[in-house]
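Here is a short tour of one protein chain, written to be read with the model open beside it. Feel free to rotate the view as you go.

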Amino acid sequence: MRKRADFLAANRGLRVAKPAFVLLACPNQSAGKRYGVTVTKKIGNAVVRNRIKRRFRELLWASLPEHGLPDHDHVLIGREVGMTRDFAKLTADLEHALRRAAAGEGDKRRGPRTPRGSARSAAKGTPQ
């Protein structure tokens with residue numbers, strides 16, 4: 001997956017959180033098993049982010065053919081632990097997350113975010 005719209009569409013799908021990543025799985029229109037990897041700038045500089053992405057791509061190449069959901073988009077959102085976590089543990093985490101996604105057992109979504117300076121922060125008594 002390369003287009004931003006594909007990543008946004010996957011965000012509406014099932015979400016399974018693990019220590020090193022969050023797996024998003026969303027059905028696509030018979031496009032097969034597709035994957036994408038994203039790591040935010042909060043995690044580190046470009047070298048760190050690219051290293052995490054390389055590890056996750058290798059992980060997906062190894063696991064998706066056998067354990068991936070058919071006709072789904074799979075997105076891994078990297079976390080800081082993804083850099084240091086043992087590769088065998090990453091593999092086990094991904095396979096467990098894919099099993100949970102296949103069973104429809106996603107994690108709860110967080111509530112909607114409120115922008116800074118909104119009525120909610122004003123109610124807490126914070127100055128604006």
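The report below moves from the whole chain to its sheet, its helices, its cores and two buried polar positions.

**The chain as a whole**

Please keep in mind that this is a predicted model. The protein chain holds 128 residues, and buried ones make up 34% of them. Its secondary structure comes to 4 helices and 4 strands, arranged along the sequence in the pattern α-β-β-β-α-β-α-α. Among the contacts in the chain with a separation of 6 or more, 77% are between residues 24 or more positions apart. The accessible surface amounts to about 8,300 Å², and carbon and sulfur atoms account for 51% of that area.

**The sheet**

In what order do the strands of the open sheet stand? The order is β1-β2-β4-β3, and the pairing of these 4 strands is mixed. β1 (14–17) and β3 are at the edges with a single partner strand each, so each has one side without a neighbour in the sheet. On average, and ignoring direction, neighbouring strands are turned by 15 degrees against each other.

Strands of a sheet pair through backbone hydrogen bonds, in a parallel or an antiparallel sense. Here are two pairings for comparison, each with an example of residues that stand opposite one another.

| Strand pair | Sense | Bridges | Example |
|---|---|---|---|
| β3 and β4 | parallel | 5 bridges | V37 with L76 |
| β2 and β4 | antiparallel | 7 bridges | P27 with H72 |

β4 spans residues 72–78, and β3 covers residues 34–38.

**Helices against the sheet**

Helix α2 lies across β2, β3 and β4, and runs at about 160 degrees to β3. α3 also packs on the sheet, where this helix touches β1, β2 and β4; its direction makes about 35 degrees with that of β2. One detail deserves a look on screen: the β-α-β unit made by β3, α2 and β4 is left-handed.

**The nonpolar cores**

Which members of the largest nonpolar core touch the most other members? They are F21, L23, F56, L76 and L94, out of 20 residues in this core. At least two residues of the core come from each of β2 (21–27), α2 and α3 (87–102). F56 makes a good starting point for exploring: leaving out residues up to four places away in sequence, F56 touches A20, F21, V37, L76, G78, G82 and L90. Two of these, V37 and L76, are the bridge partners already met in the table. There is also a second, separate core of 6 residues, with M1, A10, L24 and C26 among them.

**Two buried positions on the helices**

S63 belongs to helix α2, which covers residues 46–67. Is S63 buried or exposed? With 2% relative accessibility, S63 counts as buried, because the cut-off for that class is under 20%. Beyond its neighbours within four places in sequence, S63 is in contact with G68, T91, L94 and E95. L94 in that list is also one of the core residues that touch the most other members.

D93 is found in helix α3. Its relative accessibility is 11%, so D93 counts as buried under the 20% cut-off. Setting aside neighbours within four places in sequence, the contacts of D93 are K18, P19, F21 and R85. Of these, F21 appears in the largest nonpolar core as well.

Methods: Residues are numbered from 1 along each chain as its sequence is written. This is a predicted model: local features need pLDDT of at least 70, side-chain atom pairs count only at pLDDT 80 or more; totals for chains, interfaces and linings use all residues. Side-chain values use heavy atoms; hydrogens and water are left out. Buried means under 20% relative accessible area, exposed over 50%, partly exposed in between (1.4 Å probe, protein chains only). Contact means heavy atoms within 4.5 Å. Two strands pair if DSSP finds at least two bridges between them. A crossover is right-handed if, with the strands pointing away from the viewer, the path from the first strand over the helix to the second runs clockwise. A nonpolar core is a set of buried Ala, Val, Leu, Ile, Met, Phe, Trp, Tyr and Cys residues joined through side-chain atoms within 4.5 Å. Axes are lines fitted to C-alpha atoms, for helices over the stretch in contact, and angles run from 0 to 180 degrees between N-to-C directions. Accessible areas come from the Shrake-Rupley method with a 1.4 Å probe; for residues, only the protein chains shown count as cover.
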